[in-house]
Amino acid sequence: MNGTAMEEAFVATDQPERVGREQFARGNYALAERYFQSAVEAEPGNGDGWLGLAASYDQLGRFDLADRAYGQAVKIKGQTPQVLNNRGYSYLLRGDRAQAERYFRRARSINPNDPTINNNVALTRLAPPNL
């Protein structure tokens, strides 16, 4: 059993969102998606779980499913800076620089000092014009 499989085998199954975050941080997006899906199935009102699920779908290139998960996150959490920033990053991954910038700027208008949001705004300036 490799290290990741062994670690996964010993994770408490009553904490799927936490495991999803850990797997996402490790770059294991398919595993993260699986755990975030379990989290939102167990607790449909879990906005952070929906946001993690959307980000996992983004990393897997499943933007259709990401949009649906972002929709659920917005219903629960509202248009928070985190949600807006993540949506912007989703559009950046899709190659839609203009839409990404719109979301990042909305996020920055709410939270102008957030370094992640400000870095993402800067990314849109560095991206090639055809993106």
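This report walks through the fold, cores, aromatic pairs, largest pocket and a few individual residues of a predicted model.

## Overall fold

Let's start with the big picture. The protein chain has 8 helices and 0 strands, so the pattern along the sequence reads α-α-α-α-α-α-α-α. Of its 131 residues, 38% count as buried.

How do the contacts spread along the sequence? Taking contacts between residues at least 6 apart, 43% of them join residues at least 24 apart.

## Two nonpolar cores

The largest nonpolar core is made of 14 residues. Trp-50, Leu-51, Leu-53, Tyr-57, Ala-69 and Tyr-70 are the ones with the most contacts inside it. Three helices each supply at least two residues of this core: α3 (29-42), α4 (47-59) and α5 (63-77). Leu-53 gives a good feel for the surroundings: leaving out residues up to four places away in sequence, Leu-53 touches Glu-33, Phe-36, Gln-37, Val-40 and Ala-69.

There is also a second, separate core, this one with 9 residues. Tyr-91, Ala-100, Ile-117 and Val-121 are among them. As a general backdrop, nonpolar side chains in soluble globular proteins tend to be buried together.

## Aromatic pairs

Searching the whole structure turns up 2 aromatic pairs. One of them joins Phe-24 and Tyr-29 in an edge-to-face arrangement, with 5.0 Å from centre to centre and 70 degrees between the planes. Are these two rings' residues buried or partly exposed? Phe-24 has a relative accessibility of 26%, so it counts as partly exposed, and Tyr-29, at 25%, counts as partly exposed too. The cut-off that matters here is 20%, since buried means under that value.

Tyr-91 and Tyr-103 make up a stacked pair, with centres 5.6 Å apart and planes at 5 degrees. Tyr-91 belongs to helix α6 and Tyr-103 to helix α7 (residues 97-110), so this pair ties together parts that are 12 residues apart in sequence. Both Tyr-91 and Tyr-103 are buried. Tyr-91 has a charged partner as well: Arg-94 lies over the face of its ring, 4.4 Å from the ring centre.

## The largest pocket

How big is the largest pocket in volume? The value comes out at about 320 Å³. Its lining takes in 18 residues, and the closest to the pocket centre are Phe-24, Leu-51, Gly-52, Ala-55 and Asn-86. Two of those names have come up already: Phe-24 is part of the edge-to-face pair, and Leu-51 is one of the residues with the most contacts in the largest core.

Which helices give two or more residues to the lining? They are α2 (16-25), α3, α4 and α6.

## Asn-85 and Arg-106

Asn-85 sits in helix α6, which covers residues 81-94. Its relative accessible area is 8%, so Asn-85 is buried. Beyond its neighbours within four places in sequence, Asn-85 is in contact with Phe-104, Ala-107, Thr-116, Ile-117 and Asn-120. Ile-117 is also a member of the second core.

Arg-106 is found in helix α7. With 41% relative accessibility, Arg-106 counts as partly exposed. Apart from neighbours within four places in sequence, Arg-106 is in contact with Gln-79 and Leu-84. Arg-106 and Leu-84 are 22 residues apart in sequence, and their C-alpha atoms are 6.9 Å apart in space.

## Gly-49 and Gln-72

Gly-49 lies in helix α4. Its relative accessibility is 0%, so Gly-49 counts as buried. Not counting residues up to four places away in sequence, Gly-49 touches Glu-17, Phe-36 and Val-40. Phe-36 and Val-40 also appear among the residues touched by Leu-53. From Gly-49 to Arg-18 the C-alpha distance is 9.2 Å, and the two are 31 residues apart in sequence.

Gln-72 has its place in helix α5. At 28% relative accessibility, Gln-72 counts as partly exposed. The C-alpha atoms of Gln-72 and Asn-46 are separated by 9.3 Å, with their positions 26 residues apart along the chain.

Key: Residues numbered from 1 in each chain as written. Predicted model: local features only at pLDDT ≥ 70, side-chain atom pairs only at ≥ 80, totals over all residues. Heavy atoms only, no water. Helix = DSSP H or I, 4+ residues; strand = E, 2+ residues; numbered from the N terminus. Buried < 20%, exposed > 50% of the residue type's maximum accessible area, 1.4 Å probe, protein only. Contact = heavy atoms within 4.5 Å. Phe/Tyr/Trp six-rings, centres within 6.5 Å; stacked < 30°, edge-to-face > 60°. Lys NZ or Arg CZ within 6 Å of the ring centre and 35° of its normal. Core = buried A, V, L, I, M, F, W, Y, C linked by side-chain atoms within 4.5 Å. 1 Å grid on protein atoms, 1.4 Å probe; cavity = no way out; pocket = protein on both sides within 12 Å on 5 of 7 lines; lining within 4 Å. Points joined across faces, edges and corners; volume = space filled by probe spheres on them.
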